[in-house]
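Here is a protein model to read through in questions and answers. Each answer sets a value beside the rule that gives it its name.

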Amino acid sequence: MIERFHIPGAPKPAGPYSHAVRAGDYIYVSGQGPFNTETGQYEIGDIRHETRIVITNIQKILAGAGATLADVVKCSVFLKDVAEFSAMNEVYGEFFGAAKPARTTVQAVMPNPAMHVEIDCVAYKPLKPMIPEQTADEVIALLAASANADYYGEPVSQLAHALQAAQSARDANADEELILAALLHDIGHNISDERAIRHGEVGVINHDDLGAEWLAERGFSARLRTLVRGHVDAKRYLVATNANYAKRLSPASTETLKHQGGPMAPDEAEAFGAAPELKDCLRLRNWDELAKEPGRPVTPIAAYRDMIVRHLTATARPVQQA
Ligand SMILES: [Fe+2]
């Protein structure tokens, strides 16, 4: 199985390559330079700062592919000047800690002659065998359990919010992958994960990333996960690019925006605007905003079981045979 990733929020590829490619149990991450997506600039000159940005970019890409630095088994480090080896190592060691990957380090001529370091890596993240029907039951049970959970300052439950978002997708004749993305876009609020960053009344701040990763582990498609992960960034993009959009946000959604990084910087918005799934990300965001209406009739959760089974059967790996 080969899967190619274009990760929203990671530096735009500077050529005809993917951010990462999964081949079976391994994920290959393309070489990253010191391009800071927060500022939209290469931040060059201090090897420690450059190394920090490079590995942060790798973290973002790994997260998008369903892995973390702890899964990295091999790195290649390219230094403009080998005299900076020790300083690079200091920062590199901070990120990897005790889980040290195998590594090669060489002095190299960089395509961007100003930058001092580039790093690529390979991660080992085996896909678990899975049975579509079992995963569908797990997902349905998790959503059903949120029937009495408040949706963070909105007048509907978390389950009603998910079902209304999915209903809007159905009513718009969206394809099943997009309908399921709408249903599952906030699943990161419902799972338990020790990495969850909770903030008072607004729930799990990093629910987009955690939800996408949880779905990756269960075999949901790369496109569906990109849409789930992108629903928060879509809000940050729309606030940055559409002067009227912020006025549409509910008070709770306006409050969460502050904790989600606020409006995108111009270069970040430009990169997000070029993502292949932009149109569907924005459609999902719109359905998300509308899914806060008390008493709105919806298709019941049980009706999605067969759709999930079809999705996982079509896109995910089969059960491994002994
Ligand atoms: Fe939502």
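The turns below go through domains, a sheet and a helix.

Q: What kind of model is this, and how are residues numbered?
A: It is a predicted model, where local features need pLDDT of at least 70, side-chain atom pairs count only at pLDDT 80 or more, and totals for chains, interfaces and linings use all residues. Residues are numbered from 1 along each chain as its sequence is written.

Q: What makes domain 1 and domain 2 the parts of this protein?
A: Domain bounds come from an automatic or database domain assignment. Here domain 1 spans 2–124 and domain 2 spans 132–315. Their centres, taken over C-alpha atoms, are 29 Å apart.

Q: How many residues does each domain give to the contact?
A: Residues are in contact if their C-beta atoms, placed from the backbone, lie within 7 Å. Domain 1 supplies 13 residues and domain 2 supplies 18. On the domain 1 side, β1 (2–5) and α1 (47–64) each give two or more.

Q: How do you know which strands pair in the sheet?
A: Two strands pair if DSSP finds at least two bridges between them. Strands themselves are DSSP runs (E, at least two residues), and helices are runs of H or I with at least four, numbered from the N terminus. The open sheet has 6 strands in the order β1-β2-β3-β8-β6-β7, with mixed pairing. β1 and β2 (20–23) are antiparallel over 4 bridges, and I2 faces A23 in β2. β3 and β8 are antiparallel, with 5 bridges. β6 (72–79) and β8 are antiparallel too, with 7 bridges; S76 has D120 as its bridge partner in β8.

Q: Why are β1 and β7 at the edges?
A: β1 and β7 (102–107) each have a single partner strand, so one side of each lacks a neighbour in the sheet.

Q: Which residues of α12 are called buried, and which exposed?
A: A residue is buried if 20 or more other C-beta atoms lie within 10 Å of its own, exposed if 12 or fewer, and partly exposed in between; C-beta atoms are placed from the backbone. In α12 (305–315), I308, H311 and L312 meet the buried rule.

Q: Why do the buried residues of α12 line one face?
A: Seen down the axis of α12, they fall within an arc of 90 degrees, so they share one face of the helix. The arc is that of the directions from the helix axis to the C-beta atoms. D306 and A314, on the other side of α12, are exposed. The cover over the buried residues includes α3 (132–144) and α5 (176–184).

Technical notes. Contact = placed C-beta atoms within 7 Å.
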